[in-house]
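Please find below my note on this model, set out as numbered points for your consideration.

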Amino acid sequence: MRRAEALRLIREQSAFHDATQTIISSGHKRQQIVTREDKVGMIARELVLDLKQAVKQDELTLSYQPKHDAGGAIIGVEALIRWQHPRYGFVSPLMIITLAEDSGVIHSLGRWVIEQSCACKSRWNKLGYKNLSMAVNVSPIQLTDKDLPNFINNCIGNNGLLASELELEITESSEIPDDELTDFILDKLSATGVKLAMDDFGMGYSSLLHMRRFQVAAIKIDGSITREVLTNQMNADIVRTIASLGKSQGVQVVAEYVETLEQRQALSNMGCDVFQGYYHSPPLNETDCVAYFLTHQKKVD
Ligand code: C2E
Ligand code: MG
Ligand code: MG
């Protein structure tokens with residue numbers, strides 16, 4: 001009996017692992033996962049139901065990854081979703097977001113992330129860390145929600161924050177809709193005073209064109225480009241080109257996936273302004289993040 005149960009658990013984990021691989025590697029132009037007829041579709045539908053509950057019942061958490069400037073000082077953090085599923089354990093954030101986008105749960109999930117990160121930022125402000133920015137990832141699908149700017153304004157107000165303390169990293173997990181409603185929402189978001197950043201720049205859909213479309217405060221070069229900057233000449237050229245574009249447009253250039261000092265130095269020489277990655281710190285829970293602040297920056301009252 002015990003052996004049968006053990007076998008069942010192994011099969012379950014292996015099916016979950018396969019589904020994760022399929023969903024994560026389905027890429028930008030993927031087919032809807034939740035309507036698939038196979039085992040992957042079954043697991044996806046089960047996870048979507050659980051995800052809806054997890055959002056409602058506060059079963060998700062956020063990790064925060066520090067960002068540092070060229071001088072090495074910490075200047076802010078990026079909030080990243082984490083979910084420990086009761087049966088499957090750790091669920092990859094890319095899988096969470098793909099399923100949330102496919103099923104529409106991204107709207108409630110995205111609002112939960114904004115609420116939690118604003119509340120966290122407010123706690124940090126009370127501890128004296130007002131000068132650190134809080135970045136939140138926003139899926140292009142959330143840019144079809146015309147109440148989002150109001151929702152964000154309220155979160156900022158309710159938590160006593162300044163809009164400039166919040167940054168929205170617009171991920172290119174799917175195409176930013178090219179329509180009037182999205183332009184209206186982007187304008188409204190800019191008008192709130194929050195900073196807008198283009199995430200995964202250089203890899204997604206027509207990244208360059210977005211810079212004409214809305215006020216971009218920062219561009220984050222895709223990790224797959226910066227990761228190989230020391231070993232791949234083409235990647236180094238791409239980083240230099242993006243950095244000089246950023247300079248000429250007055251836009252901050254952020255390098256992510258910075259894993260070594262050598263990488264950081266090369267990216268800095270190529271013109272990047274901000275550095276995020278395991279070289280400085282992995283994503284941390286709220287308590288560990290405060291401990292990190294204590295050792296990495298001075299408080300400002
Ligand atoms: P992202 O926004 O580009 O976030 C950076 C990802 O790189 C994070 O993965 C982070 O843990 C990982 N990372 C950071 N430093 C390093 C490094 O030095 N090396 C390597 N190899 N990886 C590093 P994570 O947390 O798994 O998130 C993956 C993606 O999921 C994010 O990429 C973002 O696109 C999406 N995501 C995460 N949280 C949210 C969220 O709350 N909302 C939305 N819409 N998307 C989210
Ligand atoms: Mg991001
Ligand atoms: Mg990124």
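The points below take up the metal sites and then the helices.

1. The model is predicted, and the remarks that follow should be read accordingly. They concern two magnesium ions, one helix pair and the N-terminal helix α1.

2. The magnesium ion (ligand 2) has four protein donors, namely E78 (OE), N137 (OD1), E169 (OE) and D199 (OD), at 2.0 to 2.2 Å. Along the chain these donors are spaced as E-x58-N-x31-E-x29-D. Since E78 belongs to strand β2 (residues 74–85) and N137 to strand β4 (residues 133–138), this pair ties together parts that lie 59 residues apart in sequence.

3. Is E78 buried or exposed? E78 is buried, its relative accessible area being 4%. N137, by contrast, is partly exposed, at 23% relative accessibility; the cut-off for a buried residue is under 20%.

4. For the magnesium ion (ligand 3), the protein donors are D199 (OD), D200 (OD) and E256 (OE), found 2.0 to 2.4 Å from the ion. Their spacing in the chain reads D-D-x55-E. D200 sits in strand β6 (residues 195–201), whereas E256 sits in the loop between β8 (252–255) and α10 (261–269); the pair therefore ties together parts 56 residues apart in sequence.

5. The accessibility of this second pair also deserves mention. D200 is partly exposed, with a relative accessible area of 23%, while E256 counts as buried at 9% relative accessibility.

6. Which residue bridges the magnesium ion (ligand 2) and the magnesium ion (ligand 3)? The bridging residue is D199, and the two ions are 4.2 Å apart.

7. Turning to helix packing, helix α4 (residues 106–126) and helix α11 (residues 286–296) have axes that come within 12 Å and cross at roughly 35°. The crossing of α4 and α11 is right-handed. On the α4 side, C120, R123 and W124 take part in the contact; their partners in α11 are E286, C289, V290 and F293. By class, the residues of this contact comprise five nonpolar and two charged, with no polar residue.

8. Helix α1 (residues 2–24) contains 23 residues. From its first C-alpha to its last, α1 reaches 33 Å, close to the 33 Å expected at 1.5 Å a residue. Within α1, the residues E12, A15, F16, A19, T20 and I23 are buried. Against which elements do the buried residues of α1 pack? Their packing partners are α2 (39–56), β3 (89–90) and α3 (93–103).

How values were computed:
Residues numbered from 1 in each chain as written. Chains lettered and ligands numbered in written order. Predicted model: local features only at pLDDT ≥ 70, side-chain atom pairs only at ≥ 80, totals over all residues. Heavy atoms only, no water. Donors = N, O, S within 2.8 Å, 3.2 Å for Na, K, Ca; no water. Helix = DSSP H or I, 4+ residues; strand = E, 2+ residues; numbered from the N terminus. Buried < 20%, exposed > 50% of the residue type's maximum accessible area, 1.4 Å probe, protein only. Axes fitted to C-alpha atoms, helices over the stretch in contact; angles between N-to-C directions. Left-handed = near helix turned anticlockwise from the far one by under 90°. Contact = heavy atoms within 4.5 Å. Nonpolar A, V, L, I, M, F, W, Y, C, P; charged D, E, K, R; others polar. Expected span 1.5 Å × (residues − 1).
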